[in-house]
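Hi,

Here is the structure I promised to send over. Have a look at it first, then read my notes underneath.

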Amino acid sequence: MPASPFLQACRGERPAHTPVWFMRQAGRSLPEYRAVRAEVPMLESCFRTDLVVEITMQPVRRYGVDAAIFFSDIVVPLKAIGVDLDIVPGTGPVVAEPIRSAEQLTALRDLEPDDVGTITAAVEALVDELGDTPLIGFAGAPFTLASYLIEGGPSRDHRRTKQLMYSDPDLWHALLGRIARIGGQFLRLQVQHGARAIQLFDSWAGALSLEEYQTFVQPHSAAVLAEVADLGVPRIHFGVGTGELLGAMGEAGADVVGVDWRVPLDAATRRIGPERAVQGNLDPTVVFAPTEVVHERAARVIEAGKAAPGHIFNLGHGVLPDTDPDALARLVDFVHEYPVG
Ligand code: CP3
């Protein structure tokens with residue numbers, strides 16, 4: 001199998017071109033996605049083998065990105081073990097009975113392979129169809145998932161989440177421990193069925209100070225990443241607004257640290273240290289600017305990324321739903337053609 005530029009960069013090598021993929025590359029910005037999703041609710045589509053395969057492949061066909069990320073959502077393993085939740089369009093995950101007591105932890109049982117059989121079947125079919133292009137498996141990190149479970153839905157200030165964290169540390173650690181187990185089990189299954197890298201999304205960890213992160217969150221994220229350590233696939237760890245946490249997120253056990261657009265990649269590398277690669281970090285709104293501006297900003301990202309042992313180009317967060325797919329296609333070409341030396 002020819003070397004994958006994406007996997008090379010994850011391992012701190014310098015491939016022949018800068019690899020690129022986009023968080024949320026599959027999704028509402030693509031007309032072909034809107035077409036196949038028109039009649040099917042989000043969570044249902046995540047459990048349908050045919051749709052997971054088709055939607056995952058759409059951006060790979062269109063853009064020629066260097067990696068595919070399997071189409072799913074961070075709440076899928078919770079749904080798979082029977083947690084009553086839904087993904088509400090325009091809102092996000094909504095949990096019917098928010099978890100705020102020790103008795104409710106029994107709802108968070110281990111994930112068994114049969115719970116996600118249609119999903120692992122999709123992973124296998126994708127690996128066949130993708131050929132040399134690696135598939136990235138993913139899971140939500142304990143803090144971000146705990147926030148949805150405790151709040152019952154999206155939250156601006158994570159008030160109830162932090163309230164539980166400060167007022168009942170025993171319950172907090174028990175809850176995050178359960179979520180970490182389920183996340184680790186889900187990642188392990190994805191890799192066993194053929195995913196060649198994983199990404200752990202801690203999207204909302206930026207709400208925490210470094211000290212809070214180290215005390216209340218890092219051990220649980222570390223447990224998830226440790227669960228797949230023996231499988232030999234690169235582990236990417238990403239969050240938003242995590243400039244102060246970048247070093248600690250790397251130390252949780254990542255090979256690659258994802259960086260949002262707030263910290264230039266050379267500064268990020270100084271915080272993360274020379275032994276880990278970086279992923280990022282063009283502001284997702286930049287692609288709405290004229291092409292020359294996009295190129296100029298993308299060039300800055302690539303130049304700053306040269307400070308790291310390896311760099312995977314990405315946006316600093318997910319593709320926004322009204323992004324022009326042609327702008328992303330031009331961006332992929334620009335990144336691929338940009339000199340690496
Ligand atoms: O292409 C990819 O990146 C893979 C697909 C993917 C989805 N969700 C599909 C999705 C991934 C990696 C996720 C992870 C996810 N889900 C995260 C972490 C990454 C991040 O963006 O920070 C989070 C926080 C969620 C929770 C969630 N699910 C939100 C906030 C939303 C958006 C709600 C909305 O409608 O604005 C979802 C729904 C969701 N997940 C959609 C997609 C394509 C949109 C649903 C639709 O198309 O109807």
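Below is what I found, starting with the ligand and ending with one threonine.

Before you dig in, keep in mind that this is a predicted model.

Let's begin with the ligand. The space it takes up is the largest pocket. Around the ligand there are 26 residues, and the ones that come nearest are Arg24, Tyr33, Asp73, Ser203 and His317. If you sort the residues of that shell by type, you get 15 nonpolar, seven polar and four charged. Try finding helix α2 (31-37) and strand β3 (92-95) on your screen: each of them supplies at least two residues of the shell.

Now for the polar contacts. Ser203 has a polar side-chain atom 2.4 Å from an oxygen atom of the ligand. For Arg28, a polar side-chain atom also lies 3.1 Å from a ligand oxygen. With Gln25 it is a polar backbone atom that sits 3.1 Å from an oxygen of the ligand. As for how covered the ligand is, it exposes 880 Å² when taken alone, and the protein buries 91% of that.

Next, Thr215. You'll find this residue in helix α10, which covers residues 210-227. Is Thr215 buried or exposed? Neither, really: its relative accessibility is 36%, so it counts as partly exposed. Its side chain reaches the backbone oxygen of Glu211 at 2.9 Å. Also try picking out Thr215 together with His173: they are 42 residues apart in sequence, and their C-alpha atoms are 9.9 Å apart in space.

Shout if you get stuck finding any of this!

Cheers

Note on methods:
Residues numbered from 1 in each chain as written. Predicted model: local features only at pLDDT ≥ 70, side-chain atom pairs only at ≥ 80, totals over all residues. Heavy atoms only, no water. Helix = DSSP H or I, 4+ residues; strand = E, 2+ residues; numbered from the N terminus. Buried < 20%, exposed > 50% of the residue type's maximum accessible area, 1.4 Å probe, protein only. Polar contact = N/O pair within 3.5 Å; in protein donor to acceptor, adjacent residues only side chain to side chain. Near = heavy atom within 4 Å. Areas by Shrake-Rupley, 256 points an atom, 1.4 Å probe, with all protein chains shown as cover. 1 Å grid on protein atoms, 1.4 Å probe; cavity = no way out; pocket = protein on both sides within 12 Å on 5 of 7 lines; lining within 4 Å. Sits in = over half its atoms within 2 Å of the grid points. Nonpolar A, V, L, I, M, F, W, Y, C, P; charged D, E, K, R; others polar.
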